[in-house]
Amino acid sequence: MTDAQPIKAVPTLPDAQTVTFVQHWTDRLFSFRCTRPLTLRFRSGEFVMIGLMGDVDPKTGKQKPILRAYSIASPSWDEELEFYSIKVPDGPLTSRLQNIRVGDQIILRPKPVGTLVHDAILPGKRLWFFATGTGFAPFASLLREPQTYEDYDEVIITHTCREVGELAYGAALIDDIRQDEMLAELMGEGFHEKLRYYPTTTREQSPKMGRITDLMRSGDVFRDLGVEPIHPDNDRAMVCGNLAFNLEIKDLLEGYGLHEGANSDPREYVVEKAFVD
Ligand code: A2P
């Protein structure tokens with residue numbers, strides 16, 4: 001046949017999307033990209049439910065999907081979707097999801113929601129993103145969103161992980177953004193100086209060690225970055241990490257005089273749990 005058409009992946013699952021790229025960052029972390037349904041609209045920073053089909057239930061003879069909440073790590077303008085995930089050896093979903101390859105299908109329930117969105121915070125001068133572990137994911141989206149730089153004079157992302165290798169996904173993304181000529185052109189002069197990156201580790205030696213919460217209490221983070229301590233007149237914050245971290249940083253932010261916002265009631269900061277298996 002001379003007019004043969006290329007074979008297209010035929011979706012066989014409900015809400016199926018096709019994996020287009022997979023990268024393993026450490027033995028515990030990986031990221032992947034997949035096709036984006038034309039109808040899926042979301043705000044940078046939101047999350048969706050994604051997953052895979054589970055085993056056949058011997059009682060019913062049917063397969064049920066295993067779905068978990070995942071922050072969309074790609075920005076709202078991206079043609080594809082990106083996700084950043086932990087690998088839990090006996091996790092119902094991630095023990096399988098970590099084996100996906102290009103061409104495989106995942107399930108995506110196209111109902112984005114979340115509080116880590118620009119709409120949920122009041123205008124300010126400086127925006128802080130505080131992340132631990134895979135809590136970096138929503139900020140990977142927001143850091144590629146032009147509005148982030150349009151709305152603020154300064155954007156500071158802190159990322160605390162146990163080990164240096166766990167910072168790699170975030171560090172590579174920051175490098176990409178700094179070299180992104182299109183974003184620089186779009187944002188105009190001064191864009192590169194706006195973005196500040198503050199990675200720290202707690203269990204392996206690195207240039208900056210310590211939990212971000214301790215570094216805030218000691219004032220180190222403000223001295224290191226050469227900025228004034230957080231103040232409700234100027235500073236806004238978005239927080240995404242493990243539960244203990246979220247609670248501790250909420251306390252700190254409230255202590256600086258910031259209040260928690262929501263989509264329906266924008267204030268000075270917002271928090272979301274990093275989703276894990
Ligand atoms: P630490 O190593 O001191 O526990 P995890 O991988 O467990 O989700 O942790 C990610 C990072 O968050 C680790 O560096 C961890 O530090 C840090 N962390 C855990 N709990 C808190 C907390 N309550 N406040 C600040 N950082 C925390």
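## Polar contacts with the ligand

A polar contact is a pair of N or O atoms within 3.5 Å; inside the protein, one atom must be able to donate a hydrogen and the other to accept it, and neighbours in sequence count only if both atoms are side-chain atoms. Before we use that, note that this is a predicted model, where local features need pLDDT of at least 70, side-chain atom pairs count only at pLDDT 80 or more, and totals for chains, interfaces and linings use all residues. Residues are numbered from 1 along each chain as its sequence is written, and side-chain values use heavy atoms, with hydrogens and water left out.

Now for the ligand. One of its nitrogen atoms is 3.4 Å from a polar backbone atom of Ala244. Glu248 puts a polar side-chain atom 2.8 Å from a ligand nitrogen, while Asn242 has a side-chain N or O atom 3.2 Å from a ligand oxygen.

## Who surrounds the ligand

Look for residues with a heavy atom within 4 Å of the ligand. Among them are Thr132, Cys161, Arg162, Arg211 and Phe245. Sorted by class, this shell has 3 nonpolar, 5 polar and 4 charged residues (Ala, Val, Leu, Ile, Met, Phe, Trp, Tyr, Cys and Pro count as nonpolar, Asp, Glu, Lys and Arg as charged, and the others, Gly among them, as polar).

Which element gives the largest share of the shell? That's α9, with 3 residues (helices are DSSP runs of H or I with at least four residues, strands are E runs of at least two, and both are numbered from the N terminus).

## A salt bridge elsewhere

Side chains of opposite charge can pair when their charged atoms come close. The whole structure holds 18 salt bridges (a side-chain nitrogen of Lys or Arg within 4 Å of a carboxyl oxygen of Asp or Glu). One of them joins Arg33 and Glu80, whose closest N and O atoms are 3.0 Å apart. Arg33 belongs to strand β2 and Glu80 to strand β5, 47 residues apart.
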